[in-house]
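Let's take a walk through this structure together. Have the sequence and the model open side by side as you read.

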Amino acid sequence: MILERKQRFNVPEIRTRMEQVSAELGTDTFRGAQIVEYAELEQVYSGAMREISTKLENLDDEFQLKNEHNPIHHIECRLKSIGSTIGKLKKRGLPIEIDSIRENLYDIAGIRVICNYVTDVYNVADTLSQQSDIEVIRVKDYIRNPKPNGYRSLHVIYQVPVFLSDGPHPTPVEVQFRTIAMDYWASLEHRLRYKNSIEDNAREQHFETLKECASQLANIENRMQQIHQEIG
Ligand code: GTP
Ligand code: MG
């Protein structure tokens with residue numbers, strides 16, 4: 001059997017992506033040595049994402065063993081694309097520099113933890129937050145305080161050390177904890193938000209309906225959680 005070794009972080013490939021982004025956004029991106037620095041940045045953020053996902057998997061296994069229940073339904077990871085990263089810097093009027101990414105953007109590494117019930121969301125998030133080698137940088141609790149459009153999720157920015165040959169690199173990771181119902185709702189709302197082919201009035205009507213759906217879903221998952229707790 002022949003195993004093909006593919007480089008995960010590849011400077012020529014990143015350079016090509018930079019050129020595409022530059023053409024699409026009509027903006028300057030990184031060049032020369034900065035491309036190598038960007039590749040290093042992607043590598044560190046990807047390491048941070050792996051650290052946090054492993055911690056989450058370990059917690060899920062432990063809960064499963066002790067309580068015969070997996071709090072985590074599944075985990076999704078993504079590294080922000082070069083296009084979105086440059087686009088966000090540009091939109092916020094921030095300099096297009098590597099340090100500006102490090103200092104201002106906390107969602108280069110993103111993890112979505114989809115849980116079965118709201119109690120699972122808080123159990124997993126609280127347990128992770130208490131681990132001694134990571135730091136909680138920011139919490140936005142859109143479950144206790146939903147956004148006006150109905151969006152619910154718990155967002156936590158963690159800082160985790162990634163150990164490289166020159167020592168630890170503290171790196172932020174944005175973790176969105178939500179239930180299956182919250183995820184299902186957010187996917188549809190996201191699709192509607194970026195759908196330009198719909199007439200304005202119809203869109204507004206759909207947003208109104210979604211707002212009602214959000215509170216109905218909250219009610220339904222609460223009732224289902226009660227059954228889950230009662231049957232143990
Ligand atoms: P941005 O990352 O620029 O949005 O700023 P922020 O980090 O302060 O925002 P926040 O923590 O509120 O939300 C970050 C992410 O949560 C977004 O990138 C989305 O993935 C998700 N999110 C937030 N609000 C909504 C919403 O109303 N609908 C949906 N579908 N997703 C949302
Ligand atoms: Mg974001």
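Where does UniProt place the feature "coiled-coil region"? The unreviewed entry puts that feature at residues 203–230. Keep in mind that what you're looking at is a predicted model. In this model, the span 203–230 comes out as 100% helix and 0% strand, and its end C-alpha atoms lie 40 Å apart.

Now step back along the sequence to the other annotated stretch. Residues 77–200 carry the feature "domain: RelA/SpoT", again according to an unreviewed UniProt entry. Here the make-up is mixed, with 35% helix and 33% strand. The end C-alpha atoms of residues 77–200 sit 33 Å apart.

What about the chain as a whole? Its secondary structure adds up to 7 helices and 5 strands. Follow the chain along the sequence and you'll read off α-α-β-α-α-β-α-β-β-β-α-α. Along the principal axes, the C-alpha atoms fill a box of roughly 60 × 50 × 45 Å.

Next, zoom in on ligand 1. The space this ligand takes is the largest pocket. Which elements give two or more residues to the shell around it? Those would be strand 3 (135–141), strand 5 (167–179) and helix 6 (180–193). Helix 6 provides the largest share of that shell, with 4 residues.

Look at the chemistry of the shell and you'll find 10 charged residues, along with 4 polar and 3 nonpolar ones. Of the 17 residues around ligand 1, the ones that come nearest are Lys88, Lys140, Tyr142, Glu189 and Arg193.

Some individual contacts are worth picking out on screen. Start with Lys88, where an N or O atom of the side chain is 2.7 Å from an oxygen atom of ligand 1. Arg138 also points a polar side-chain atom at the ligand, 3.3 Å from one of its oxygen atoms. At Ala186 the backbone takes part instead: one of its N or O atoms lies 3.1 Å from a nitrogen atom of ligand 1. How much of the ligand does the protein cover? On its own, ligand 1 has 610 Å² of accessible area, and the protein covers 73% of that.

Technical notes: Residues numbered from 1 in each chain as written. Chains lettered and ligands numbered in written order. Predicted model: local features only at pLDDT ≥ 70, side-chain atom pairs only at ≥ 80, totals over all residues. Heavy atoms only, no water. Near = heavy atom within 4 Å. Polar contact = N/O pair within 3.5 Å; in protein donor to acceptor, adjacent residues only side chain to side chain. Areas by Shrake-Rupley, 256 points an atom, 1.4 Å probe, with all protein chains shown as cover. 1 Å grid on protein atoms, 1.4 Å probe; cavity = no way out; pocket = protein on both sides within 12 Å on 5 of 7 lines; lining within 4 Å. Sits in = over half its atoms within 2 Å of the grid points. Nonpolar A, V, L, I, M, F, W, Y, C, P; charged D, E, K, R; others polar. UniProt positions renumbered as here; feature names shortened; annotations may be inferred.
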